Amino acid sequence: MSSDPWGRVDETGTVYVRTADGEQVVGSWQAGSPEEALAYFERKYEGLVVEIGLLEKRVRTTDLSAKDAQTAIDHLREQVDAHHAVGDLEALRERLNKLVETVEARREERKVQRAKQSDEARGAKEALVVEAEQLAQSDQWRAAGERLRALVDTWKGLPRLDRKSDDELWHRFSHARSAFSKRRKAHFASLDAQREEARKTKEKLVAEAEALSGSTDWGTTAARYRELMTEWKAAGRAQREHEDDLWNRFRGAQDVFFAARSSVFAERDAEQTENLKLKEELAEEAEKLLPIGELKAARATFRGINERWEAIGHVPRDARPRVEGRMHAVERAIQEAEEAEWRRTNPEARARAAGLTGQLQAAVDKLKGQIETAQAQGNTARAQKLERELEGRQALLDQALKGLQEFGG
């Protein structure tokens, strides 16, 4: 018979292990000596020690799930409880019990962690839903669309919640994206319709602009081109593939017209500049008639100057008032001289002036006599009234006498 602190082999080859509950049969050994039997079952014990050690390490250092860990513990416990090894089996049970406690603690930690992650994921997904619902109302089509696509990527990277919560949040999220997509499609469909209408309108404007490009009615056509430009801007943009071509045609037609007008105006400006020089010379020649001396000669000379003036043609608009004003000043001087001569030589006017002067003189003399009579009678009020009347008649008389002197009388 052979034995050690944890087991023995009896005479029949039966191997026993010592436990707190007494000896337990480990097995039977007939192939060799009792020492070899004990050594064999001690090696089995060492194997269990190694396996438990490895499992403890896996539990401590890896993300082994609680379920898998518990399965492994149960498997080892069955081996320990089967008493097919010689050694301190109770110590192994104790290690397995502690390992169960560790696994349970890890299970609780992971449960708390999962709950925390779930709460964080829920909060993150709810925030994504709220932002998506806000973006669904945006008119910033490009930016909002890009942001919604980024939100989808973010959503995919978050952990799933319980099916009910996850489905509800995804439904809201998906609905917001669909609403935005529907609004965007409607917007661009409307925009396409507007651009097609703009294209038709601009086609008509281009046709009119091209028809006007050869016009020589400079003022009216230029005004119409300005109106066409206003209508062009009001029409809005056509489709990109048409807009540039239409604009080039529209602008090209205007360029043809305005280039022709500029050429004509340049020639006209040169001609009018030369006309201005000639008219300034004539104005200077007319101004030499001032002051008017011999009226008949001055009138004849001015008439000749004016005939040459009329034959010259237009001058630049901004210079016209100045140069014409010089000629008008000479013309007014001649007219005033003519009026003065007419007044001086007109016998009918002289007779009327003399008659008026006589009438006024008689009225003045009569008033003077009436004033003297009123004063002699002591009627001061009447005398004062007649004196005021006399002042008015005397003023008229003085003016009439002055006019009569102009006739040489």
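**Helix α9, the largest pocket and the nonpolar cores**

In the helix α9, the residues Val323, Met327, Val330, Ala333 and Ile334 are buried. The model analysed here is a predicted one. The buried residues of α9 pack against two other helices, α7 (240-287) and α8. An α-helix has 3.6 residues a turn, so residues three or four places apart point the same way. The length of α9 was also examined: at 1.5 Å a residue, its 26 residues should span 38 Å, and the separation of 37 Å between its end C-alpha atoms agrees with this.

The contact between these helices can be followed through Leu282, a residue of α7. Leu282 is buried, since its relative accessible area is 7%, and the threshold for burial is under 20%. Although Leu282 and Met327 are separated by 45 residues in sequence, their C-alpha atoms lie 8.4 Å apart in space. When residues up to four places away in sequence are not counted, Leu282 touches Ile305, Arg308, Trp309, Ile312 and Met327. Met327 is itself among the buried residues of α9.

The largest pocket encloses about 250 Å³ of space. Its lining comprises 13 residues, of which Phe302, Asn306, Met327, Glu331 and Gln335 are the closest to the centre of the pocket. At least two lining residues are supplied by each of α8 (295-312) and α9 (320-345). Helix α9 gives the most to this lining, with seven residues. By class, the lining of the largest pocket consists of six charged, four nonpolar and three polar residues. Met327 thus appears in several settings: it is buried in α9, it is touched by Leu282, and it is listed with the residues closest to the centre of the largest pocket.

Attention then turns to the nonpolar cores. In soluble globular proteins, nonpolar side chains tend to be buried together. The largest nonpolar core in the model has 27 residues, and those with the most contacts inside it are Val15, Leu55, Val59, Ile73, Leu89 and Leu92. Two or more residues of this core come from each of β3 (14-19), α1 (34-61), α2 (66-81) and α3 (89-135). The largest share, eight residues, is provided by α1. Leu89, leaving aside its neighbours within four places in sequence, is in contact with Val17, Tyr45, Val80 and His83. Apart from the largest core lies another, of 17 residues, which includes Ala132, Ala144, Leu148 and Phe173.

Enclosed space was considered separately from the open pocket. Rolling a probe the size of a water molecule over the atoms shows where empty space is left. One cavity of 30 Å³ or more is present in the structure, and the volume of the largest cavity is about 40 Å³. Val59, Leu64, Ser65, Ala66, Ala69, Val103, Arg106 and Arg110 line the largest cavity. Among these lining residues, Val59 is also one of those with the most contacts inside the largest nonpolar core. Helices α2 and α3 each contribute at least two residues to the cavity lining, and the largest share, three residues, comes from α3. Five of the lining residues are nonpolar, one is polar and two are charged.

Helix α3 also contains Glu108. This residue is partly exposed, with a relative accessible area of 42%. Glu108 and Ala66 are 42 residues apart in sequence, with a C-alpha to C-alpha distance of 9.6 Å; Ala66 belongs to the lining of the largest cavity.

Terms used:
Residues numbered from 1 in each chain as written. Predicted model: local features only at pLDDT ≥ 70, side-chain atom pairs only at ≥ 80, totals over all residues. Heavy atoms only, no water. 1 Å grid on protein atoms, 1.4 Å probe; cavity = no way out; pocket = protein on both sides within 12 Å on 5 of 7 lines; lining within 4 Å. Points joined across faces, edges and corners; volume = space filled by probe spheres on them. Helix = DSSP H or I, 4+ residues; strand = E, 2+ residues; numbered from the N terminus. Nonpolar A, V, L, I, M, F, W, Y, C, P; charged D, E, K, R; others polar. Expected span 1.5 Å × (residues − 1). Buried < 20%, exposed > 50% of the residue type's maximum accessible area, 1.4 Å probe, protein only. Contact = heavy atoms within 4.5 Å. Core = buried A, V, L, I, M, F, W, Y, C linked by side-chain atoms within 4.5 Å.
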